[in-house]
Every structure is written in C-alpha cells, then in structure tokens.
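The following exercises concern a predicted model of a protein chain. Each task is followed by a solution in steps.

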Amino acid sequence: MLKNKLAITLSLAALSLIQFNAYAKINLSGELAQGGLMVGKAKADSIVKLNDKILPVTKQGHFVFGFGRDDSSTYTLTVVQANGEKNVKTLTPKKRKYNEQRIEGIKKSIMQPDPKAVARAAKDSKQVKAARTIFSDSTAFAQGFIAPINGTITGVYGSRRIYNGVPKYPHYGLDYAGKTGDPVKAPADGKVLLFVPDMFYSGGTMIIDHGHGVSSTFLHLSKSYVKSGDWVKQGDVVAAVGASGRATGPHLDWRINWFDVKIDPALVLKIKQ
C-alpha cells in the first residue's frame, strides 16, 4: 500500500513537472499594460494565436504583439507545438492613467489649416499608414531596443495635449529635447521604409521596419542620412533632430507601432532579451 501511494505521489509530481515545463515553453517579455509590446518565445515549429489572429513565428521561435493606449480587452494566447502539445495564457493589459499637457502659442495656420494643407496632410497620412501595413520576416524586433537620442524626455505616450485651449488627439510618441542637428540613432536593426522631408504635421518623417509589423517612426527631423530601402543597424546614426512640421521647437518625437496599434516606446525600452 505504501509503495502504491509513493508511486502515485511520484507520478503526480512528474505530471506537475511536465505541465510546468510545457507552460514554461511560452516565454513573454514586455509589460502587460496598455501601450505595451510583448515579445514571445516558443518552439519554432509552433502555431501561435492571439484570440483568432495567427501570429507568425520566426525561425528562432520569436513572435510579437501589442496593446493600444486604451485597450482593456482580455486576450487568449494559444501556442500549439508540432507534437500537438497546447498551452494557453489569458492576458489582460493593465489600465494606465495618462498626463494632460497644455501648449499655447500654436499658429492659427496650423490650428485651422487651409483646404490645401488638409489635402496635403491626408496624403501624408496615407503614406504613413501604407508603410505600417508592411509585414517582413525580419527578426530585429526581438533583439531589444535602445533610445534613439540622449535627450531629456519632454513628452510621453498617451498624454492628451490641449493646443490653445482645444483638446486634441492623445500623443502617441516619446519626445526628447534636443538641438537641431543632434544625431538620431536607429533603436534596433531594420529597413528604412520611408523618408519624407516635409510632411505637413510631422515635418521630416522617417519609418524603419523592425519586422513582423513592428516599426519606429521619427518626426520633425531636419535631415536624413539614409534613404528608403537602406538596411540600418542598431545604433547607426540615421537622421538629425529638427523642428520641422508642427513643432514649437527642435525635438525628436519617436513612435513605435505594431501595424496600426500605437505602442509606448518607453515600455519597449524595458523589454529584456
């Protein structure tokens, strides 16, 4: 009887260990919060789904997804390995409180642009949206990110700006103070998808693809040192700080997207690999 009980106990312990090891095969790095980017790791032959959306997996087993500023949904992350082993995690991004910032002295021509300016801005937006739909099999998103500039942070993600007393859309970037001409570095490896020197709102605008829908966008640049199609390495100087477009002074506005989902760059910098 004692031997049987011992055998049962050992069997249960072994089963628990197997289940724990199976669960541990899904590794997630990133902050589970609104605006967070999550980098996952599983076996390369796994099928990964976030609710009903299939997430492509790299040859190294990495996958990625993110949450928007106000996302309070509950998600089911499912990983099925080639042998049929299935693991499931339930994820709900933590709610956040955002700052409110008032900015006065914006030119009337910017607050109330003429029809030509509106048309131009619409064209700019179309180019940016098209770039952010691109999927590539680059694995650069999994290497981690560095800050693109060594400047004081003057604006944060999610804050709602009030220009001349008029509430506008939330800010989706991380602003760094700087001087015109200060170097801007690539936060991760990637391919330059777009550079336009004179967009109406964002001025000099660059987008770098880091793979699997993850991209960096730099706004208000004064100059680009690279062109569309160039491959850049993390830390390469790709552009210069400016005050172009809708800007009250020289600074860098850095944004991160997972396709059309707007991610907080400050949280991306916390991802550990």
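**Exercise 1. Determine how the lining of the largest cavity divides into nonpolar, polar and charged residues, and which residues form it.**

Solution. The lining of the largest cavity divides into 6 nonpolar residues, 1 polar residue and no charged residue. The lining residues are Leu55, Pro56, Val64, Phe135, His212, Trp258 and Phe259. Histidine belongs neither to the nonpolar nor to the charged class, so His212 is the polar member. As to size, the volume of the largest cavity is about 40 Å³. The count of cavities of 30 Å³ or more comes to 1.

**Exercise 2. Identify the residues of the largest nonpolar core that touch the most other members, and the strand that supplies its largest share.**

Solution. The largest nonpolar core has 45 residues, and those that touch the most other members are Phe65, Leu77, Met206, Phe218, Val238 and Trp258. Strand E20, residues 251-258, gives the largest share of this core, with 4 residues. A second core, separate from this one, has 6 residues, including Ala131, Leu194, Val196 and Ile207. In soluble globular proteins, nonpolar side chains tend to be buried together.

**Exercise 3. List the contacts of Phe65, leaving aside its neighbours within four places in sequence.**

Solution. With those neighbours left aside, Phe65 is in contact with Leu28, Gly36, Leu37, Met38, Leu50, Leu55, Leu77, Leu91 and Trp258. Among these partners, Leu77 and Trp258 also appear with Phe65 in the group that touches the most other members of the largest core. Leu55 and Trp258 are contacts of Phe65 that also line the largest cavity.

**Exercise 4. Describe how strand E6 pairs with strands E3 and E7.**

Solution. Begin with E3 (residues 47-50): it runs antiparallel to E6 (residues 75-80), and 4 bridges join the two. Within this pairing, Val48 has Val79 of E6 as its bridge partner. Next, E6 pairs with E7 (residues 86-91) over 6 bridges, again in the antiparallel sense. Here Tyr75 has Leu91 of E7 as its bridge partner. Finally, E6 and E7 form a hairpin with 5 residues between them, and Gly84 in the turn has a positive phi of about 95 degrees.

**Exercise 5. State how many helices and strands the protein chain has, and what percentage of its residues count as buried.**

Solution. The protein chain contains 4 helices and 21 strands. Of its 273 residues, 47% count as buried. Turning to contacts between residues at least 6 apart in sequence, 66% join residues at least 24 apart.

Notes:
Residues numbered from 1 in each chain as written. Predicted model: local features only at pLDDT ≥ 70, side-chain atom pairs only at ≥ 80, totals over all residues. Heavy atoms only, no water. Core = buried A, V, L, I, M, F, W, Y, C linked by side-chain atoms within 4.5 Å. Buried < 20%, exposed > 50% of the residue type's maximum accessible area, 1.4 Å probe, protein only. Contact = heavy atoms within 4.5 Å. 1 Å grid on protein atoms, 1.4 Å probe; cavity = no way out; pocket = protein on both sides within 12 Å on 5 of 7 lines; lining within 4 Å. Points joined across faces, edges and corners; volume = space filled by probe spheres on them. Pairing = 2+ DSSP bridges.
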